[in-house]
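Trainee: I'm new to this one and would like a close look at a single part. Could you walk me through a strand, its partners and the helix that follows?

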Amino acid sequence: MLLERYYDDSLAQASYLIGCEQTHEAIVIDPNRDVERYVRAAAAHRMRIKYVTETHIHADFLSGSRDLATAARAALLLSGHGGSDWSYGFASADGAQLLRDGETIAVGKVRLDVVPTPGHTPEHICFLVTDTATGDRPLGLITGDFLFVGDVGRPDLLERAANVVGSMATAAKQLYASLRRLAGLPDYLQIWPGHGAGSACGKALGSVPQSTLGYERLYNPALQKQSEEEFVRWVLEDQPEPPPYFAVMKRLNRDGPPVRPSSVELPQFDANLVEAALDKDHWVIDVRGSADFAKAHVPGSINIPFAKTFPTYAGTVLAYDRPIVIVAKSQEQARRAIDQLALIGLDRVDGWATLDVLQQIKSDGRRLETVNVIEPQVLAEKLQRNGPRVIDVRGRSEWKDGHLPEATHIYLGDLVGRLADAKHDEPIVVHCQSGTRASIAASLLLARGFSDVSNLSGGFDGWRKAGLPVEK
């Protein structure tokens, strides 16, 4: 048996290729939209992708199952659970085979048994993997977003992301029952989860890529709860805010993920074209680091630094109904940013620009915009004299762990809506934990006409290191 894990750091997302080395057949589980990655991997191992499947209807990325099944001429296998509201709406049209409890997928000498595990989502399934060429006992469990290293999949997303009111308590009880279904499986069973640390699909995911069921029984708090009531209370508290794009992903992945557009050479924009795009209410996204953006940027552009969290933060603040222009240090950085946006379905990219646009604007005698940065001690002194409004754009659990005494908590994804009626000349200082989200927030406010916006240097970490007071 061959097992390979493909991990996307920007999404903290894992997909798997499992193959039989005797028959050269393979199955890919939970692919994202970078389908060429799996096609190349199968070819490198002289494998034919026979099946493509996934554990559930994903919320944090656009599924590549449909595209990969077409590209590899493979059979598409999808969960047959979930009921009328959370079944795959495109399964029949695509000729997909629906998988149900106890059914088996044969990939040469490798057997995958379907195990329903509702809770994170109603249709969620896992795959119990047995290498029959070696023995008749299972080797591992592909757990998707059901069981993670050190955590369990959150059961509140249907309610909080897809607005299915009143569903999270029921889902939490289903999740508890699904965990109890593991009781008959051996301690040695390997656990191969769908996400790692940094994913918003849980609240405390571990960084270790895999585990064993026995180890999780010892140390995973989800498996320590002695009653359903205790588990439900624990699993629903302190879950992070789901990024707004989760709702879009749930709907598209249920009803039919769009085919990823063919790769085309996008045009390079000059300053005039960038400014024309802004005039047409397009997103102009500057992907440089926060410090570079603060020094000088195109007025009206939004800063989303191209880092590990790029697609998550893009999905937190960008609406899907507006075209995008990327401003980057190089064409290569712009291309990589465009590929990352495609992972969450932000496909409407019109073009890209380099830092030449800044020089063009400056040479024409026009203004470049800056972001004010304020030191913690200076802010503390101003707050003693009825200073600026301080907005903390971190998550709710971060806020509960400690915050500036004078701050107002507004999650980054809610910022624009919450400040829709605020006075645009009001002095505002934004901050997050260390600076990235605050830079995004400051750029959003400046782009919407707020004239006196500053970013707290070092964020909450900088405030605390300065020895200034913190509230809980």
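Mentor: Sure, and let's start with one pairing: V325 has G351 as its bridge partner in strand β18. Keep in mind as we go that this is a predicted model.

V325 belongs to strand β17, which covers residues 324-327. Look at how its side chains alternate: I324 and I326 point one way, while V325 and V327 point the other way. Whichever way they point, all of them are buried.

Now for the neighbours. On one side of our story is strand β15 (residues 283-286), which pairs with β17 in the parallel sense over four bridges. There, V284 stands opposite V325. So V325 has come up twice: with V284 in β15, and with G351 in β18. Strand β18, residues 349-353, also runs parallel to β17, and four bridges join the two.

How does the chain get from β17 to β18? By way of helix α11, residues 331-342: β17, α11 and β18 make a right-handed β-α-β unit.

Once you've got that picture, move along to strand β22, residues 428-431. I428 and V430 point one way here, V429 and H431 the other way, and again all are buried. Strand β20 (residues 389-392) pairs with β22 in the parallel sense over four bridges, with I391 standing opposite V430. Strand β23, residues 453-456, is another parallel partner of β22, this time over three bridges. In that pairing, V429 has S454 of β23 as its bridge partner.

There's a helix to go with these strands too. β22, helix α16 (residues 436-447) and β23 make a right-handed β-α-β unit.

Let's stay with α16 for a moment. It has 12 residues and reaches 17 Å from its first C-alpha to its last, close to the 16 Å expected at 1.5 Å a residue. Of those 12 residues, 10 are buried, so α16 is largely enclosed by the rest of the structure. If you want to find them, the buried ones are R437, A438, S439, I440, A441, A442, S443, L444, L445 and L446. After the helix comes G449, and its phi is positive, near 95 degrees.

To tie it up, go back to where we began: β17 with its buried residues, and α11 linking it into a right-handed unit with β18. Then put β22 beside that in your mind, with its own buried residues and with α16 and β23 completing its right-handed unit.

How values were computed
Residues are numbered from 1 along each chain as its sequence is written. This is a predicted model: local features need pLDDT of at least 70, side-chain atom pairs count only at pLDDT 80 or more; totals for chains, interfaces and linings use all residues. Side-chain values use heavy atoms; hydrogens and water are left out. Buried means under 20% relative accessible area, exposed over 50%, partly exposed in between (1.4 Å probe, protein chains only). Two strands pair if DSSP finds at least two bridges between them. A crossover is right-handed if, with the strands pointing away from the viewer, the path from the first strand over the helix to the second runs clockwise. The expected span of a helix is 1.5 Å times one less than its number of residues.
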